[in-house]
Amino acid sequence: MSHDLLVLDAKDNVATALRALQEGECLEMEVGDSTSEIAVLEPIAFGHKVALVEIEVEQPVVKYGEIIGLATRKIARGEHVHTHNVEGLKGRGERT
Amino acid sequence: MKFLGYRRNNGKVGLRNHVLVFPTVICAAAVAEKIAREVPGTVYLGHQHGCGHLGEEREHMIRAMVGSCSNPNVAGVLLVGLGCEMLTAELLGERLREAGQRVETINTQAMLGTEEAIAKGAELAQMLLDEAKSVQREPVEASELMVAAKCGASDTLSGLTANPATGAACDILIGQGGSAIFTETPEMLGAEHVLAKRAADEEVRRRIWEITSRTDERIKAMGLDIREAEPGPGNIEAGLTTLAEKSLGAIRKGGTTPIVEVVDYAQKPSRKGLVIMDGPAHDVVSVTGMVAAGAQIVVFTTGIGTPVGSPIAPVIKVSSNSALYERWKGNIDLNAGAILDGQETPDTMGQRILQEVLDVASGKLTKAETLGHREFAIHTIAPTV
């Protein structure tokens, strides 16, 4: 598991950074049997997530093969995915 | 697969041989604490409850107190009451005897004040301690173990390394006929469908949906936003974005076997295997509840680092990343960060965790025990009057 990025499930559209990533880095990534390259658009801290594909606004963000939240704006491939562009759906009394 | 444990008269097996000095109400807490100080080797278990419990909370509190005092790691209990409280030493003593526990009681109001209560209490505590010392460890099967799996101060690596490794350890133990329990209902939100699929039968499936939707509805009914507390500020800084993400990582600590039962807070399971306890995510409150439910040992994963232990059960700390392990070697027993470093897989790490469980079960002290971490807090469910 000694890679720069960890993708947990083939359905995932985000990967976890296994070290601090710098803007402009180009990383090789294994999903299932295939490999592809991803350009990191901004610094991403250890343990934080990067988008593997473009994610449209209101579309699901998927990790562990499950929905972890919805994009609150369009997220580009290689962008940092976190609380500034994703929101959870659970325990949201102010939304009902 | 065996370990060396203390076989109790009621058939249960303890990993430690504690004599507790337990105040039945906070008004007797100082007397109890002083008794424990007079008799080195006893364990004082402080809390702020015992009186003014409304409705369901009365039985809930009795269950948590009786469960804590009758955990198999406890050889004997001195209950220190005041006399006029709701949960008296007589009441708790009777429940404990029904559970097969060795118990002595003392009431402060029946004594000539604090000093006599301490003197008399110390005699009783010494007697219980002498009795406990006569019990010897003997080889017992690993199937006698109930491991509590807990994660706290988590980072995004917790769900990738330490939790799946702990889950692998639970899988092996359950394969040997043992049990594992995990809780933190709020941290099942967003992952309830995954858990429900693993229910052993229809009733368990119904209960999983019941406890998770009740937690969600309760928060909604109050017009609150769980994002104020979940994920916590430290979780977010460490890369966890949403509660669902935290939940999906958190449930991995229970492993992959069918969920055989859903119990209430501090309720003893009636079946062997993987059990869910309905309860809060608060670290100390949830560990207290699972130990009261009968877990003799805790495997506690952490990514940011938390020192908490238990006065009753040994707590094994597993770090999710090597950076934490290096910084916190004095607190962390095992490093699942080795998975990221390529030295271990979740399965091999799971075997190491289970071996540590067996070693600690047989008497090896955990870092939290050596450091004297004895945090204890009971969940409250109603306003105290």
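## Exercises on a predicted two-chain model

In this predicted model, helix α2 (residues 56-69) of chain B and helix α3 (residues 89-98) of chain B have axes that come within 10 Å and cross at roughly 55 degrees.

**Exercise 1.** Work out which term describes the angle between α2(B) and α3(B), and then describe the residues where the two helices touch.

*Solution.*
- Step 1. Start from the crossing angle, roughly 55 degrees. Angles under 35 degrees would be roughly parallel, and 65 to 115 roughly perpendicular. The angle fits neither range, so α2(B) is oblique to α3(B).
- Step 2. Now the handedness: the crossing of α2(B) past α3(B) is right-handed.
- Step 3. Find the touching residues. On α2(B) they are B:Ile62, B:Met65, B:Val66 and B:Cys69, and on α3(B) they are B:Leu92, B:Arg95 and B:Leu96.
- Step 4. Sort them by class: 6 are nonpolar, none is polar and 1 is charged.

**Exercise 2.** Is B:Lys253 buried or exposed? Describe its surroundings too.

*Solution.*
- Step 1. Locate the residue: B:Lys253 lies in the loop between α9 (243-250) and β10 (259-263) of chain B.
- Step 2. Count its neighbours. There are 29 other C-beta atoms within 10 Å. A residue is buried when that count is 20 or more, so B:Lys253 is buried.
- Step 3. Look beyond the neighbours within four places in sequence. B:Lys253 is in contact with B:Ala149, B:Cys151, B:Asn163, B:Thr166, B:Gly167, B:Phe182 and B:Thr301.
- Step 4. Try one C-alpha distance yourself: from B:Lys253 to B:Ala168 you should find 8.0 Å, although these residues are 85 residues apart along the chain.

**Exercise 3.** Decide whether the radius of gyration of chain B agrees with that of a compact globule, and build up a picture of the whole chain.

*Solution.*
- Step 1. List the elements: chain B has 13 helices and 14 strands.
- Step 2. Compare the radii. A compact globule of 385 residues would have a radius of gyration near 21 Å, and chain B has 20 Å, so the two agree.
- Step 3. Add the dimensions: the C-alpha trace of chain B spans about 60 × 50 × 40 Å along its principal axes.
- Step 4. Look inside: 58% of the 385 residues in chain B are buried. Of the contacts with a separation of 6 or more, 73% join residues 24 or more positions apart.

**Exercise 4.** How many residues of chain A are in contact with chain B?

*Solution.*
- Step 1. Count both sides: 26 residues of chain A are in contact with 30 residues of chain B.
- Step 2. Find the element of chain A with the largest share of its side: strand β7 (residues 66-71), with 4 residues.
- Step 3. Sort the chain A side by class: 9 nonpolar, 11 polar and 6 charged residues.

Definitions and conventions. Residues are numbered from 1 along each chain as its sequence is written. Chains are lettered from A and ligands numbered from 1 in the order in which they are written. This is a predicted model: local features need pLDDT of at least 70, side-chain atom pairs count only at pLDDT 80 or more; totals for chains, interfaces and linings use all residues. Axes are lines fitted to C-alpha atoms, for helices over the stretch in contact, and angles run from 0 to 180 degrees between N-to-C directions. Angles under 35 degrees count as roughly parallel, over 145 as roughly antiparallel, 65 to 115 as roughly perpendicular and the rest as oblique. A crossing is left-handed if the near helix is turned anticlockwise from the far one by less than a right angle, and right-handed if clockwise. Two residues are in contact if their C-beta atoms, placed from the backbone, lie within 7 Å. Ala, Val, Leu, Ile, Met, Phe, Trp, Tyr, Cys and Pro count as nonpolar, Asp, Glu, Lys and Arg as charged, and the others, Gly among them, as polar. A residue is buried if 20 or more other C-beta atoms lie within 10 Å of its own, exposed if 12 or fewer, and partly exposed in between; C-beta atoms are placed from the backbone. The radius of gyration is taken over C-alpha atoms; the globule rule is 2.2 Å times the number of residues to the power 0.38.
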